[in-house]
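Work through the exercises below with the coordinates open. Each task is followed by a solution in steps.

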Amino acid sequence: MIDLQDVTLTYPDGEETLTAVDRVSLRIAPGTIAAITGPSGSGKSSLLAVASTLIAPDSGTVLVNDVDATRLSRKETAALRREEIGIVFQQPNLLPSLTAIEQLEMMNRLGGPRAARKDVLARAHELLEEVGLAGKAHKRPGELSGGERQRVNIARAFMNGPSVLVVDEPTSALDQARGEAIIELVVSLTREHRVATMLVTHDLSHLPAMDSVHTMLDGVLTTQRAATEQLSLVD
């Protein structure tokens, strides 16, 4: 679960201050997806950065499974992010020299206690199978299509068993068919793994698959459709 409460984030803008996130409150329950839409420059990326604990807000609280990230030290916040938050960036940003399965293995080496390699490999193989890449485990990014690279990106985000998933425009570089497949995959994994997913998208065709829909404009978040209208999807 992720719960943003009255979150505000500002940036200096010359002699003035720009409010990127303006007293935003948003709660996303496990197994549900909240879509965030809005024009460029509306504050969506800033909201994602706050939700994923990459940036601390000026005020408000960011609760990840009832832990307030705004009260943690930088080291504690990094540990919380590593253990509880999966991030799917707009571009996969895969390391060109590593195979698909090595991309996932790497997540277990980014600080914190390391699991036994056999357990890490088993987890990685399981996730690659879930995203439809069981036969591509030993392929490098240059040998994969754009859609396949994004699937590796998604699998990597699930590697440490997060409770929260933050997804930034996952279909922006894909054609319509591959984009729809990626959204279906995110929905399926959200349900199966019971993660709370925040997804930014410009493609309005994806919104019917979301549990709630919110619009960002000048830092203000407005709810267009609340999650309670689709609770039957996650029962």
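**Exercise 1.** Which residue follows α6, and what is the sign of its phi?

Solution. The model is a predicted one. Step 1: go to the end of α6; the residue that follows is R194. Step 2: read the phi of R194, which is positive, near 55°.

**Exercise 2.** Check the span of helix α6 against the value expected at 1.5 Å a residue.

Solution. Step 1: α6 covers residues 176-193, 18 residues in total. Step 2: the expected span is 1.5 Å times one less than the number of residues. Step 3: this gives 26 Å, and the end C-alpha atoms are 26 Å apart, so the two agree.

**Exercise 3.** List buried residues of α6 and find the elements they pack against.

Solution. Step 1: apply the cut-off for buried, under 20% relative accessible area. Step 2: the residues that pass include G179, I182, L185 and R191. Step 3: the packing partners of the buried residues are the strands β3, β7 and β8 and the helices α4 and α5.

**Exercise 4.** Establish the strand order of the sheet and identify its edges.

Solution. Step 1: six strands run in the order β6-β7-β8-β3-β9-β10, in an open sheet with mixed pairing. Step 2: β6 and β10 each have a single partner strand, so they stand at the edges. Step 3: from one strand to the next, the twist averages 20°. Step 4: inside the sheet, β7 and β8 are parallel and share five bridges; L165 has T197 of β8 as its bridge partner.

Definitions and conventions:
Residues are numbered from 1 along each chain as its sequence is written. This is a predicted model: local features need pLDDT of at least 70, side-chain atom pairs count only at pLDDT 80 or more; totals for chains, interfaces and linings use all residues. Side-chain values use heavy atoms; hydrogens and water are left out. Helices (H or I, at least four residues) and strands (E, at least two) are DSSP runs, numbered from the N terminus. Buried means under 20% relative accessible area, exposed over 50%, partly exposed in between (1.4 Å probe, protein chains only). Contact means heavy atoms within 4.5 Å. Two strands pair if DSSP finds at least two bridges between them. Axes are lines fitted to C-alpha atoms, for helices over the stretch in contact, and angles run from 0 to 180 degrees between N-to-C directions.
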